[in-house]
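Hi,

Here is the structure I said I would pass on. Have a look at it first, and then read on for what turned up when I went through it.

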Amino acid sequence: AVIRALLACMLIVAGLAFALRVVPQPRTIDDAFITFRYARNLVEGNGFVYNPGTRTLGTTTPLYTLLMAGIGAVTGSDAYPRFALIVNAAADAVTAALLALLAWRVSGRVIVAAIAGALWAASPMSVTFAVGGMETSVAVLWMVAAMAAYVFARDGWMAVFAALGVLTRIDALLWAGT
């Protein structure tokens, strides 16, 4: 009964997080367009560049750029602000569920799990970053997933999530290293 309640809690906070991000629609900030331009250039065959013909790496989020390019290539569309919103909403939904799981693991109470997950789901800053099109939601997901793997003694998965974090944002070395 407790496990069913916990799973229901995790699904509800994940659904809440997703909905609170997609309802406002994309509100893309200027830095996200750098990533989108790299993604577009990849899809168009110009390479991992900002300006075709100039081989300078200027993105701080290679994995997120590749993800955007992959979605663009598969869909045949360049609706990168929409892609980013969906990816970020999904990442924050999983983060909310993982935070609920971690809160339950620490407290043993589903209500504590629900509160922890709902607080992340409704956090104005996390919603703002998600709708802004940046990679922050995905980077936070890797951090929380690494912590969950650590708490559940899944060292291999912890390493995978930490590595994905570093590939998403190089400054993730600061938390992965500790």
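Which side chain does Arg 21 meet in a salt bridge? Keep in mind that this is a predicted model. The partner is Asp 92, with N and O 2.6 Å apart. Arg 21 belongs to helix α1 (residues 2-22) and Asp 92 to helix α4, so this pair ties together parts that lie 71 residues apart in sequence. Both ends are out of sight: Arg 21 is buried at a relative accessible area of 0%, and Asp 92 is buried as well, also at 0%.

Stay with Asp 92 for a moment, since Ser 137 touches it. Ser 137 sits in helix α7 (residues 136-151) and is buried, with 3% relative accessible area. Leaving out residues up to four places away in sequence, Ser 137 touches Asn 88, Ala 91, Asp 92, Thr 95 and Ala 130.

On to α4 itself. The helix covers residues 80-107, 28 residues in total, and spans 40 Å from first C-alpha to last, close to the 40 Å expected at 1.5 Å a residue. After α4 comes Gly 108, which has a positive phi near 75 degrees.

Now the other charged pairs. How many salt bridges does the structure hold? There are 4. One of them joins Arg 169 and Glu 135, whose side chains meet at 2.5 Å, N to O. Arg 169 is in the loop between α8 (155-168) and α9 (173-176), while Glu 135 is in the loop between α6 (124-131) and α7, so the contact ties together parts 34 residues apart in sequence. Here the two ends are not alike in exposure: Arg 169 is partly exposed at 25% relative accessibility, whereas Glu 135 is buried at 1%. Salt bridges with shared partners also bring in Asp 171, giving one network of Glu 135, Arg 169 and Asp 171.

Arg 40 and Glu 44 make another salt bridge, with their closest N and O atoms 3.9 Å apart. Is Glu 44 buried or exposed? It is exposed, at 51% relative accessible area. Because partly exposed runs from 20% to 50%, Arg 40 at 32% falls in that class.

Next, the rings. Searching the whole structure gives 7 aromatic pairs. Among them is Tyr 38 with Phe 48, a tilted pair with centres 5.7 Å apart and 50 degrees between the planes. Tyr 38 is in helix α2 (residues 30-43) and Phe 48 in the loop between α2 and α3 (62-75), so the pair ties together parts 10 residues apart in sequence. Tyr 38 is buried at 1% relative accessible area, but Phe 48 is partly exposed at 25%.

How are the rings of Tyr 80 and Phe 83 arranged? Their planes are at 90 degrees and their centres 5.5 Å apart, so this pair is edge-to-face. The two residues are 3 places apart in helix α4, about one helical turn. In general, an α-helix has 3.6 residues a turn, so residues three or four places apart point the same way. Tyr 80 and Phe 83 are both buried, and ring pairs link them with Phe 33 and Phe 36 into a cluster.

There is a charge over a ring too: Arg 37 lies over the face of Tyr 50, 3.9 Å from the ring centre.

Last, the nonpolar interior. Which residues touch the most other members of the largest nonpolar core? Those are Met 68 and Leu 98, in a core of 38 residues. At least two residues of this core come from each of α1, α2, α3, α4, α5 (110-122) and α7. The largest share is from α4, with 13 residues. Setting aside neighbours within four places in sequence, Met 68 is in contact with Phe 36, Ala 39, Tyr 80, Phe 83, Ala 84 and Val 87. So if you start from Met 68, you also meet Phe 36, Tyr 80 and Phe 83, members of the ring cluster above. A second, separate core has 5 residues, including Val 22, Leu 85, Val 127 and Val 131.

Cheers

Terms used:
Residues are numbered from 1 along each chain as its sequence is written. This is a predicted model: local features need pLDDT of at least 70, side-chain atom pairs count only at pLDDT 80 or more; totals for chains, interfaces and linings use all residues. Side-chain values use heavy atoms; hydrogens and water are left out. Helices (H or I, at least four residues) and strands (E, at least two) are DSSP runs, numbered from the N terminus. The expected span of a helix is 1.5 Å times one less than its number of residues. Buried means under 20% relative accessible area, exposed over 50%, partly exposed in between (1.4 Å probe, protein chains only). Contact means heavy atoms within 4.5 Å. Rings of Phe, Tyr and Trp (its six-membered ring) pair if their centres lie within 6.5 Å; planes under 30 degrees apart count as stacked, over 60 as edge-to-face and the rest as tilted. A charge sits over a ring if NZ of Lys or CZ of Arg is within 6 Å of the ring centre and within 35 degrees of the ring normal. A nonpolar core is a set of buried Ala, Val, Leu, Ile, Met, Phe, Trp, Tyr and Cys residues joined through side-chain atoms within 4.5 Å.
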